[in-house]
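Subject: Structure handover and notes

Dear colleague,

Please find the structure below, followed by my notes on what was found in it.

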Amino acid sequence: MLKKKLKNSIFAVLTLGILASASLVSTKVFASTNVTDNFDFYNTNLWTKSDGWTNGGMFNCTWRASNVNFNGGAMALSVTKDTQGGTKPYAGGEYRSVNRYGYGIYQVNMKPAAHSGIDSSFFTYTGPSDNNPWDEIDIEFLGKNTSEVQFNYFTNGVGNHEHLYQLGFDASKSYHTYAFNWQPTYIAWLVDGREVYRATNNIPSHAGRIMMNLWPGIGEDDWLGPYDGVTPVYAYYNWASYTSN
């Protein structure tokens, strides 16, 4: 699919916008092995807001810190018109962990955006900016159909592992818990505590940052659906956690 080829190139561009950090040569965790955040406030000990740069390509937005907000015990990521003079017409929200984490269970309780052309995500990522190969594990909601969720992963830049899982409910209507259990020989994805999909081939091995973002696509109508330019659009995150083995 064109989407797969584009995503390979776009996440190479992603490294231009990430602050370089110390070299990581194994899956050793660089932080506490048990982390939970209820998103009551912006916890700068755990997270940073992406601000002032764009991935380019299919990401039709500039990341703005103002598009990551906390209210009523939840974090809201938004897509809005960009009013700060960026090269893209829209602003998107991205929240990323300060530290990198290895094998273990990653969970998020969230409501994705139900809007065609919009991607709501929870994933881990590391790459050249961390002096690592590009390794990534994804949970993505394509706003054109929030009754399904897409799982994917990349190992040393090799992806093409997409799997669409039919949820049996509209994820945008209420909070549900989505997770992946990352182990040396497999990744198991779970919905509300029940395993629904497992991958066992060429599993990533490098610890990565926990990331959440919301963004509008361009040139990806077959994958994301067309975006009509309506703003604001929101995705809501109630809590997230990581537990090592």
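Arg-100, Asp-130 and Arg-209 are linked in a network of salt bridges, a salt bridge being a side-chain nitrogen of Lys or Arg within 4 Å of a carboxyl oxygen of Asp or Glu. This is a predicted model, in which local features need pLDDT of at least 70 and side-chain atom pairs count only at pLDDT 80 or more, while totals for chains, interfaces and linings use all residues. Residues are numbered from 1 along each chain as its sequence is written, and side-chain values use heavy atoms, with hydrogens and water left out.

Within the network, the closest N and O atoms of Arg-100 and Asp-130 are 3.5 Å apart. That pair joins distant parts of the chain, with Arg-100 in strand β6 (residues 90-101) and Asp-130 in the loop between β8 (118-126) and β9 (135-142), 30 residues apart; strands are DSSP runs (E, at least two residues), numbered from the N terminus. Asp-130 also meets Arg-209 in a salt bridge (3.0 Å, N to O), and here Arg-209 lies in strand β15 (residues 208-216), 79 residues apart from Asp-130. Both Asp-130 and Arg-209 are buried, as is Arg-100, where buried means under 20% relative accessible area (1.4 Å probe, protein chains only).

The structure holds 5 salt bridges, including one between Glu-94 and Arg-96 (2.6 Å, N to O); Glu-94 is buried at 1% relative accessible area, and Arg-96 is buried at 6%.

As for confidence, the protein averages a pLDDT (the predictor's confidence in each residue, from 0 to 100) of 89, and 87% of the residues score at least 70.

Best regards

Note on methods. Buried means under 20% relative accessible area, exposed over 50%, partly exposed in between (1.4 Å probe, protein chains only). Helices (H or I, at least four residues) and strands (E, at least two) are DSSP runs, numbered from the N terminus.
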